[in-house]
Amino acid sequence: MSILLKSPIDALRQYVEFPSVSADSKFANGVKGAREFACARLEELGFEVNLVPTPINPIILGTRGDPSWPRLVIYGHYDVQPPDPLDLWSSDPFTAVERDGRLYGRGAADNKGPQIVHMAALARVLRDIPDYPVHITYLIEGEEEIGSPSFRGFLEEHKNKLQGDLLLVSDTGSPSPDQLVVTTGLRGLCAMEVKVFGPKQDLHSGVHGGALLNPLQALMHACSSLHDADGRVTVPGFYDAVRPPEKWERKELAKLPTTEDEYARFLGVSNFFPPPGYSSLEAIRFCPTLEFNGVGGGYQGEGSKTVIPAEAFAKITCRLVPDQKSDDIAEKVKKAIIQACPTAVRVEVEIKGGGDPYVVIPPGKPGSTGEETDLMKKAFRIAEDCIERGFGSSPIFLREGGSIPIIQDLKEVAGLDSLMIGLFTNEDNLHAPDESFHLGIMDRAIHSFESFFKELV
Ligand code: BES
Ligand code: MN
């Protein structure tokens, strides 16, 4: 019997123990192992599985059923974030350990657990209804955690294989094991790296200090000009395309069980700093940001060192909301940095990839077109019922702050809209030490998805 039927938790354990870190080529074997594990599960389920090569990690493409049936596409990613810092883990990141109703390990929640949920539910459906009349295309990529650099090219070349009526994704979050969210939007992203060059080498700050502009000082000057004192981004045109949230979105947000105080305690901060006019819980969903993810230059060791560094750098990303465009915002920020940087140093801004934001209006909500596919209309309705039965409360329909850039690409190129059901929570420590997946959610979600798939036909 398939491990998906026998013990989904064991399946997750095995999947987690392949260290499939895409950011670091040292883990190539783990990446391959996770990929083969996922392929084997799909084959067990009766899928015809193909690997589409990319310059980095091949994309898994599985299909089953008759193309004349309603067509569902299911997305996931088999790669994970690096486990560092290792010394902050309570157990080895690539040994799956069960503790207090959770399974610990890198990738347990993001995104291996949710993938096992879908597969285990499908295993039950296909056991009971071998001719289950839904055409399913499985799409599992291995470069999501490094920004899906190969995906756009793959999509242009293989879009005919990704035709469908709806995309199902579980790679987003929910507030608690008793309150799931249907994610109706994701923020986009644009990334850039700023380098500021001064003298040809590090200098003695006594011998030369005062004669020239310190590159770190120039960088800090340019960077600090990008926000005003209230935290609004000052880059000209940055907010031009921002679409304000719909009325129903604010109403849905009001249903969130989390209070601002609880959220502050969870983060360990005493004050929030959202842009004027927004609460902190609104800001992460409805507002764009410009964040400094890393700055460097000069002496970083113990004690002091009297040095003028030859160069300084900053890594910046912006989170974007509809209808901002990643390329457009990157250009605007680049221009603002170059303009704000004193001319006594040389500045370079390199734009690194990104992705556009995504939003879906659930069928029937104000602003929806009524032109959604039948499968999409049915899926949103059934998902609501199945979640209510499985988890004891109806889901909240909410946008999320995180990004999965390929979701908007799939909308643009293949016309696919997404039903995103959040299965991880803040306590799962995504991208952080002690990542885990809540086994109660896993169990309930498998039941809910089993009913969901069965009621879809
Ligand atoms: N699963 C997350 C995205 C996510 C997290 C969506 C929480 C909604 C709520 C995904 O794996 C991820 O981490 N994405 C990156 C994208 C980046 C690497 C291009 C992100 O959001 O930083
Ligand atoms: Mn993920």
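**The manganese site and its surroundings**

Let's start at the metal. Six donor atoms sit around the manganese ion, ligand 2; the 6 donor atoms subtend angles of 50 to 153 degrees, so the arrangement is irregular. For six donors to count as octahedral, opposite ones would have to be over 155 degrees apart. Keep in mind that this is a predicted model.

Which protein atoms hold the manganese ion (ligand 2) as donors? They are NE2 of His77, an OD atom of Asp110, and two entries for Asp171, both OD. Their distances from the ion run from 1.8 to 2.7 Å. Along the chain, the donors follow the spacing H-x32-D-x60-D. Now look at where two of them sit. His77 belongs to strand E3, residues 71–77, and Asp110 to helix H4, residues 108–128, so this pair ties together parts that are 33 residues apart in sequence.

Are these two buried or exposed? His77 has 0% relative accessibility, so it counts as buried. Asp110 is at 6%, so Asp110 counts as buried too.

Next, ligand 1. Its surroundings comprise 16 residues. Glu144, Asp171, Arg319, Ser403 and His431 come nearest. We have met Asp171 already, as a donor to the manganese ion. By class, the shell has 3 nonpolar, 7 polar and 6 charged residues.

Now the individual contacts. Asp110 comes back here: one of its polar side-chain atoms lies 3.2 Å from an oxygen atom of ligand 1. So much for Asp110; take Glu145. An N or O atom in the Glu145 side chain is 3.0 Å from an oxygen atom of ligand 1. With Ser403, the backbone does the work. A polar backbone atom of Ser403 lies 2.9 Å from a nitrogen atom of ligand 1. How much of ligand 1 does the protein bury? Taken alone, ligand 1 exposes 520 Å², and the protein buries 85% of that.

Two more stops. Arg102 is in strand E5, residues 102–104. Arg102 has 12% relative accessibility, so it counts as buried. The Arg102 side chain makes a polar contact of 2.8 Å with the side chain of Ser436.

Last, Gly301. Find it in the loop between strand E11 (289–297) and strand E12 (307–308). Its relative accessible area is 41%, so Gly301 is partly exposed. Buried would need under 20%, and exposed over 50%. Now pick out Leu267, 34 residues from Gly301 along the chain. How far apart are their C-alpha atoms? The separation is 29 Å.

Technical notes:
Residues numbered from 1 in each chain as written. Chains lettered and ligands numbered in written order. Predicted model: local features only at pLDDT ≥ 70, side-chain atom pairs only at ≥ 80, totals over all residues. Heavy atoms only, no water. Near = heavy atom within 4 Å. Polar contact = N/O pair within 3.5 Å; in protein donor to acceptor, adjacent residues only side chain to side chain. Areas by Shrake-Rupley, 256 points an atom, 1.4 Å probe, with all protein chains shown as cover. Nonpolar A, V, L, I, M, F, W, Y, C, P; charged D, E, K, R; others polar. Donors = N, O, S within 2.8 Å, 3.2 Å for Na, K, Ca; no water. Tetrahedral: all angles 85-135°; square planar, octahedral: opposite > 155°, others 65-115°. Helix = DSSP H or I, 4+ residues; strand = E, 2+ residues; numbered from the N terminus. Buried < 20%, exposed > 50% of the residue type's maximum accessible area, 1.4 Å probe, protein only.
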